[in-house]
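Visitor: I should like a close look at a single part of this model, the strands and their pairing. Please set out which residues face one another, and then place that part within the chain as a whole.

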Amino acid sequence: MAMLEVKNITISYQNRPTVMDFSMSLEKGQICSLVGESGSGKTTVIRAIFGLLAGGGKVTEGEILFEGESLLAYNKEQWRRLRGSDISMIFQDSGAMMNPTRRVGGAYTEYIRTHEKNISKKDAAKKGIEMLERMRLPSGDNVMRSYPFQLSGGMRQRVGIAMGMTYQPKLLLADEPTSALDVTTQAQIVRQMMELRENYGTSIIVVTHNLGVAAYMSDHIIVMRNGKIEDQGDRDYMLYHSENEYTHKLLEAVPSIGGKRYV
Ligand SMILES: Nc1ncnc2c1ncn2[C@@H]1O[C@H](COP(=O)(O)OP(=O)(O)OP(=O)(O)O)[C@@H](O)[C@H]1O
Ligand SMILES: [Mg+2]
């Protein structure tokens with residue numbers, strides 16, 4: 001049985017179908033990328049899987065099964081438990097998700113302490129700092145003392161990534177996790193996500209504009225266009241065998257990261 005099974009879902013905002021007939025499945029330890037132009041529905045799909053569609057969005061057809069259970073039937077309490085532990089999400093706009101009136105450290109230590117009931121404040125802070133530094137944030141303790149507005153967009157994004165990766169979720173949903181970052185840091189974050197998979201068998205769905213990054217890190221790639229799946233396959237298929245014109249265009253647009261073209 002696949003860990004995640006999305007079957008023919010339609011997702012609508014205000015009764016307007018936006019994503020149509022979308023299906024995917026993901027085994028334990030697999031990485032799948034969603035690529036496609038702006039507005040094609042990538043964020044909509046992963047937010048639907050996370051049960052957190054914005055703007056009154058709803059899954060109006062189909063099924064989403066996680067470890068065999070229908071997520072669409074989950075109540076608030078079940079979602080709360082699932083989101084804190086088994087599934088975590090790095091949001092496209094991590095900065096906007098942060099409470100502007102709280103220091104990063106306050107929010108992060110509290111997050112850690114809801115997962116580890118017996119950890120002291122001091123140890124929780126230490127753990128947070130360690131995670132921040134793994135995301136190439138040079139002085140984690142300074143970041144912990146800062147308010148979100150005192151950090152750059154890229155720094156806030158890395159705080160979001162650190163939090164999402166703290167507890168080795170079974171499924172990590174990452175929405176453009178590296179878009180605001182310089183190339184060296186992008187490459188580091190990509191490596192961190194792959195290590196999470198190596199070390200803990202985490203399954204990952206990553207949304208990215210960069211088909212090169214997608215091909216580099218994924219077992220399976222889904223190309224979306226106008227709310228539908230336009231093309232899909234493994235790395236080899238995407239890079240060498242797809243005859244889809246739209247996929248070819250995306251490939252031509254691949255930038256290099258870290259001085260290296262991942263294609
Ligand atoms: N909260 C919302 N309310 C109404 N419509 C929305 C909402 N969020 C997204 N949409 C619509 O759904 C479609 C897909 O948007 P989505 O954000 O999923 O695209 P995306 O592929 O993630 O784009 P990007 O690459 O720019 O992040 C768009 O037409 C968008 O206008
Ligand atoms: Mg998006």
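Guide: In this predicted model, Ile9 stands opposite Phe22 in E2. That pair belongs to the ladder between strand E1, residues 4-13, and E2, where seven bridges join the two strands in antiparallel fashion. The ladder is part of an open sheet of four strands, whose order is E2-E1-E4-E5 and whose pairing is antiparallel. Its edges are strand E2 (16-26) and strand E5 (69-70), each of which pairs on one side only. As a general matter, in a regular strand the side chains alternate between the two faces of the sheet.

Strand E9, residues 220-225, offers a second set of pairings. Five of its six residues are buried, so strand E9 is largely enclosed by the rest of the structure; a residue is called buried here if 20 or more other C-beta atoms lie within 10 Å of its own. E9 pairs with two strands that may be taken in turn. With strand E3 (residues 31-36), E9 pairs in the parallel sense, over five bridges, and Cys32 stands opposite His220 of E9. With strand E10 (residues 228-233), E9 runs antiparallel, and five bridges join the two; here Met224 stands opposite Ile229 in E10. E9 and E10 form a hairpin with two residues between them, and Asn226, in the turn, has a positive phi of about 50°.

The ligand site may be described next. Ligand 1 is surrounded by 13 residues, the closest being Ser38, Lys42, Thr43, Thr44 and Gly55. Helix H1, which spans residues 42-49, gives the most to this shell, with three residues. By character, the shell around ligand 1 divides into 10 polar residues, two nonpolar and one charged.

These parts sit in a chain whose secondary structure comes to 11 helices and 10 strands. The chain has a radius of gyration of 18 Å, close to the 18 Å given by the globule rule for 263 residues, so it is as compact as a globular protein of that length. Along the principal axes, its C-alpha atoms fill a box of roughly 55 × 45 × 35 Å. Of the 263 residues, 41% count as buried. Among contacts between residues at least 6 apart in sequence, 65% join residues at least 24 apart.

Technical notes: Residues numbered from 1 in each chain as written. Chains lettered and ligands numbered in written order. Predicted model: local features only at pLDDT ≥ 70, side-chain atom pairs only at ≥ 80, totals over all residues. Pairing = 2+ DSSP bridges. Buried ≥ 20, exposed ≤ 12 C-beta atoms within 10 Å, placed from the backbone. Rg over C-alpha atoms; globule rule 2.2 N^0.38 Å. Contact = placed C-beta atoms within 7 Å. Near = placed C-beta within 6 Å. Nonpolar A, V, L, I, M, F, W, Y, C, P; charged D, E, K, R; others polar.
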